[in-house]
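Let's walk through a structure together, one question at a time. Keep the picture open beside you as you read.

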Amino acid sequence: MSLAIVQTLSENSLPPSSVAEDWRAGGFGLYLHWPFCQAKCPYCDFNSHVAGDVDQVRWRAVLLSEIARVATETPDRVLNTVFFGGGTPSLMDPDLVAAILDAVRAAWPLANDLEVTLEANPTSVEAGRFRGYRDAGVNRVSMGIQALNDSDLRRLGRLHSVAEARNAFAIARNVFDRVSFDLIYARQHQTRAAWRTELREAMAMAADHLSLYQLTIEPGTAFGRLANAGRLDGLPDDDRAADMYADTQEICGAAGLPAYEISNHARPGAESRHNLIYWRGGDYAGIGPGAHGRLTLGGTRYATQTPLAPAAWLERVERAGSGELPRQVLAPFDQAQEYLMMALRLREGAQIDRWDKLSGSVDILQKINGLDGLNVLHCHAGTLALTDRGRPVLNAVLRELLAEV
Amino acid sequence: MTDLAHIRNFSIVAHIDHGKSTLADRLIQLTGTVSERDMKEQLLDAMDIERERGITIKANTVRIEYKAKDGETYILNLIDTPGHVDFAYEVSRSMQAVEGSLLVVDATQGVEAQTLANVYQALDADHEIVPVLNKIDLPAAEPARVAEQIEDVIGIDASDAVHISAKTGLGIPDVLEAIVTRLPAPKGERNVPLKAMLVDSWYDAYLGVVVLVRIMDGVLKKGDRIRMMQTGAIHNVDKLAVLRPGMVDVAALGPGEIGIFTGSIKQVRDTRVGDTITHEKHSAQKALPGFKPSVPVVFCGLFPVDSAEFDDLRNAIEKLALNDASFSYEMESSAALGFGFRCGFLGLLHLEVIRDRLEREWGIDLITTAPSVVYNVYLKSGEMIELHNPADMPDLTYVDHIEEPRITATILVPDEFLGDVLKLCHDRRGIQKDLTYAGSRAMVVYDLPLNEVVFDFYDRLKSITRGYASFDYQIDSYRADNLVKMQILVNDEPVDALSIMVHRDRAESRGRAMCEKLKELIPRHMFKIPIQAAIGGKVIARETLAALRKDVTAKCYGGDVTRKKKLLEKQKAGKKKMRQFGKVEIPQAAFISALKMDG
Ligand SMILES: Nc1nc2c(ncn2[C@@H]2O[C@H](COP(=O)(O)OP(=O)(O)OP(=O)(O)O)[C@@H](O)[C@H]2O)c(=O)[nH]1
Ligand SMILES: C[S@@+](CC[C@H](N)C(=O)[O-])C[C@H]1O[C@@H](n2cnc3c(N)ncnc32)[C@H](O)[C@@H]1O
Ligand code: SF4
Ligand SMILES: [Mg+2]
């Protein structure tokens, strides 16, 4: 069967709410990965590399060719968001960002409220480029501040001080419409009281969005190796981490920045629309080394992926005209699982009818009943969502819901 | 076929780690049996589990050829045996197939408990014994003192003990000469009906059942039709070979020789170690005496994690039992665990090895229930039942009294650790029988309840004496004591697989220890879980496992979905390694770990 036939079938005979076009409920976004950093942070397992000299001309050609390729596969789709993630995208030349966004504007019809986010590190060097990014079309910045005390920043291997970060953030607030910053907590030797104080300072700084991550010890990182050797002391145990999570909900809620996702807080309406695409099971194209995508093409949903190593990715694009590794077809049931995993992260929760459609009516209600009395989930008006009690144990809830389905 | 005068058959016996397998390596190497390229350390310890643990579990036979100083070439059949007490049955069986023993003694350690046990067995089997003092390359070696000790403690002449280093190869030619000159040639007659001893057997994926035999009388040829005298099974000899240690086909095996045959044997039950093999026609009149049956002392249930794998487990157990005559099994069913087998073992290491082999060699995930010894339960009706499984304990109102098996344990220990050893034995309800000194070491003999010993006594003994004590035991008698069944309740549901029999005075402390252990072993759930130990309806210990409060991925964006989904799949697979009791999932590993005592 040729691809063209599949497309005809999906476009003509299936209503938009069918399984095949399920992504429409989430929207369409573009993720671009810039894999370079000035130094590797000891906790970080993102695909990031420290490279002296990056040939931004070569990168521009390859990135543009990838945009063109993806665009021909997804013509006429309205693009809702663009996200420059990393690594450290604030190391990109503003010119390169401008060239990319020009190409994006030419390639897709844009939503009226197109959101263009760029992840930035808070050093003075980078702050110097902010205006250039804005002029290129970036309208939202997400800044990795990580901690509001200098000794913890050093322990986290960061190259900036608190003062520098505050300055960079102040500049960003001036330059961009929308700004957010990240903090990492449940750090080594961090007490509950210290975090509460730090978080209150963060509330005073914050605009309308903020990401608050509990430190995760990832295998393969410097922290991972230290932890394995038993040499990463002062980490909170699960009970204290749970307390700190509860504190975070309380303080942010009181400040008008409730969690709309496990680790993300915003004033209503100020959520990251790009990230919402992930959590609502929308489509996204992933461009750059190690970038993942989910694309519904001709009624079939694919998981796309590219090589992690920057050099391998560049060569692949240059040689084969596409950076992608072989695509994986996502069966409707895989989609159902992914949808539940992601959507339950959101306060708004998951739509039960979407689960039913994708899963072929595997009865989730029965599993939900099994969790009855634990007060971890609530079901209301066709929506399934975690309770305050359920949120910090989402993985356990998922294990139950998805066990033997 | 070789004439009897040019054959020598012997076993290599020693306490654990004294260097038997390393000596076997050198003998194999010096006689050029295996090419240098194929040689590796402890060549005969071929099983994964043997290589990992660095110990021999199965006895292994190798045929080597040696050109002696007298100019003649001899066929030597050596059997390398295990040293650990749990595999003593391998040693005693092997000894029946040969005429002599090399008694290896580590010259840095001296005589140990299994050295003694092995000597007694060798004397029982009428063996000629050649003492070999090993590890003389080590600075701590004291061959002269150890020779004296052998004479004092064991009472055999050690004046012409061979001094060697199995590691460096020093003295190995002397060992080979001693084998030829000091061990007797086998006896037997060629022109009489065939009598062959079934020494061992195992299952080979390509060849089917392989049978190891020692020819006593007569000749076994390829193509012969043979009969197993005990089971009556009749087979064709399809393949006949000697082990060097790979199989090398031969046309015939004569008296005194050792080799293997295969014969498309389908029924695993047809082969029983100790059986006598003769020809279908012109049969021998009288069978060989056979082996003393081994008596399993520890029992536990083995259940497939996935109940659909029961038939696979049955098949695997039958095949494995072929290779291990000291392991017994019968079918069992349990409300919580479904169908499985109640299995008997010679000790806890034996249990672990069998479970490991079933899992690795046959790919079956298993749940192991609490190990138990066999109690004699006397009912008021006068009837006595043998209790293999605490779950089967009759209601107390019917029970008159309960007897438990006791052992006589012999422990050799350097003076400095004696106090700790006596305390350990005392804590385990031991009664001291004897205490003597041999040089700077004490030999203590204790009467101990077997159930206090099987689980972790050996581990404890090793740790409190930093490995310097050695231990051997024999089952002695049954004696009545104040024994009760203790149940474990998890989330208010009794978990039968964790029930144990325990002395009343030790019940509280064991109950507390088990509850504490289980609290560590059971992962937190979304609700809190009481864990209790109870006798009858009475709770004697209690712990509470707090509810899970944090288990969530902090960052999960577009690039994390695939990884997250895999993690979830892995966790779901991990759930398979758990057993559901009511709403609680208990990891399989908990069933044995919960029983290990720390004190
Ligand atoms: N230095 C030294 N080490 C030796 C010598 N012989 C054996 N060893 C070491 O002692 C350890 C035990 O040797 P094995 O040959 O496995 O002992 P074993 O008696 O077969 O042990 P089991 O089969 O478990 O009872 C190994 O680490 C050997 O390398 C020797 O002559 N000198
Ligand atoms: C792609 S990263 C980095 C963006 C930017 N390069 C920076 O470091 O500021 C996005 C965010 O993930 C968070 N993060 C990274 N690794 C983490 C970990 N091991 N545990 C918790 N949060 C982590 C940090 O807050 C970081 O800002
Ligand atoms: S945390 Fe940010 S700056 Fe640090 S290594 Fe990771 S991507 Fe680079
Ligand atoms: Mg060995």
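Q: Which residues are the closest to ligand 1?
A: This model is predicted, and in it 20 residues surround ligand 1. Helix α1 (residues 20-30) of chain B gives the largest share of that shell, 3 residues. The closest residues are B:G19, B:S21, B:I55, B:T56 and B:G83.

Q: How many residues of each class, nonpolar, polar and charged, are in the shell around ligand 1?
A: Let's sort the shell by class, remembering that Gly counts as polar here. The shell around ligand 1 then has 6 nonpolar, 9 polar and 5 charged residues.

Q: Between which chains does ligand 2 lie?
A: Start with the surroundings: 19 residues surround ligand 2, and the closest are A:Y43, A:G144, A:D182, A:Y213 and A:T216. Those closest residues carry the letter A, yet the ligand has a second chain beside it too. Ligand 2 lies between chains A and B.

Q: Which elements give two or more residues to the shell around ligand 2?
A: By class, this shell divides into 8 nonpolar, 7 polar and 4 charged residues. Looking at where they come from, the elements that give two or more residues belong to chain A. They are β4 (79-86), β6 (140-146) and β7 (178-185).

Q: Which residues are around ligand 3?
A: By class, the shell around ligand 3 has 4 nonpolar, 6 polar and 1 charged residues. The charged one is A:K40, as Lys counts as charged. The full shell is A:C37, A:K40, A:C41, A:C44, A:F46, A:S48, A:G86, A:G87, A:T88, A:N121 and A:G144.

Q: How many residues of chain A are in contact with chain B?
A: On the chain B side, 22 residues take part. By class, that side has 9 nonpolar, 5 polar and 8 charged residues. On the other side of the interface, the number of chain A residues is 35.

Q: What percentage of the residues in chain A are buried?
A: Chain A has 16 helices and 17 strands. Among its contacts with a separation of 6 or more, 71% are between residues 24 or more positions apart. Of the 405 residues in chain A, the buried share is 44%.

Q: Is A:T74 buried, partly exposed or exposed?
A: A:T74 is found in the loop between α2 (56-73) and β4 of chain A. A residue needs 20 or more other C-beta atoms within 10 Å to be buried, and counts as exposed with 12 or fewer. Because A:T74 has 17 such atoms, it falls in between: partly exposed.

Q: How far apart in space are A:T74 and A:T296?
A: In sequence, A:T74 and A:T296 are 222 residues apart. Leaving aside neighbours within four places in sequence, A:T74 is in contact with A:A285 and A:L295. From C-alpha to C-alpha, the distance between A:T74 and A:T296 is 9.0 Å.

Q: Which strand gives the most residues to the largest nonpolar core?
A: This core has 169 residues, and those with the most contacts inside it are B:L103, B:V132 and B:V213. Leaving out residues up to four places away in sequence, B:V213 touches B:A196, B:M197, B:L198, B:V199, B:G259, B:F261 and B:I277. The strand that gives the most, with 7 residues, is β8 (residues 208-217) of chain B.

Q: Which are the edge strands of the open sheet formed by 4 strands of chain B?
A: The strand order in this antiparallel sheet is β18-β19-β17-β20. An edge strand pairs on one side only. The edge strands are therefore the two that end the order: β18 (328-334) and β20 (366-368).

Q: Over how many bridges do β17(B) and β19(B) pair?
A: β17 (residues 298-304) of chain B pairs with β20(B) over 3 bridges, where B:F303 stands opposite B:I367. With β19 (residues 338-345), β17(B) also pairs in the antiparallel sense, and B:G301 stands opposite B:R342. The number of bridges between β17(B) and β19(B) is 5.

Q: How many residues of β17(B) are buried?
A: In a regular strand the side chains alternate between the two faces of the sheet. B:V298, B:C300, B:L302 and B:P304 point one way from β17(B), and B:F299, B:G301 and B:F303 the other way. All are buried, and the count is 7 of 7.

Definitions and conventions
Residues are numbered from 1 along each chain as its sequence is written. Chains are lettered from A and ligands numbered from 1 in the order in which they are written. This is a predicted model: local features need pLDDT of at least 70, side-chain atom pairs count only at pLDDT 80 or more; totals for chains, interfaces and linings use all residues. Two residues are in contact if their C-beta atoms, placed from the backbone, lie within 7 Å. A residue is near a molecule or strand if its C-beta atom, placed from the backbone, lies within 6 Å of it. A nonpolar core is a set of buried Ala, Val, Leu, Ile, Met, Phe, Trp, Tyr and Cys residues joined through C-beta atoms within 7 Å.
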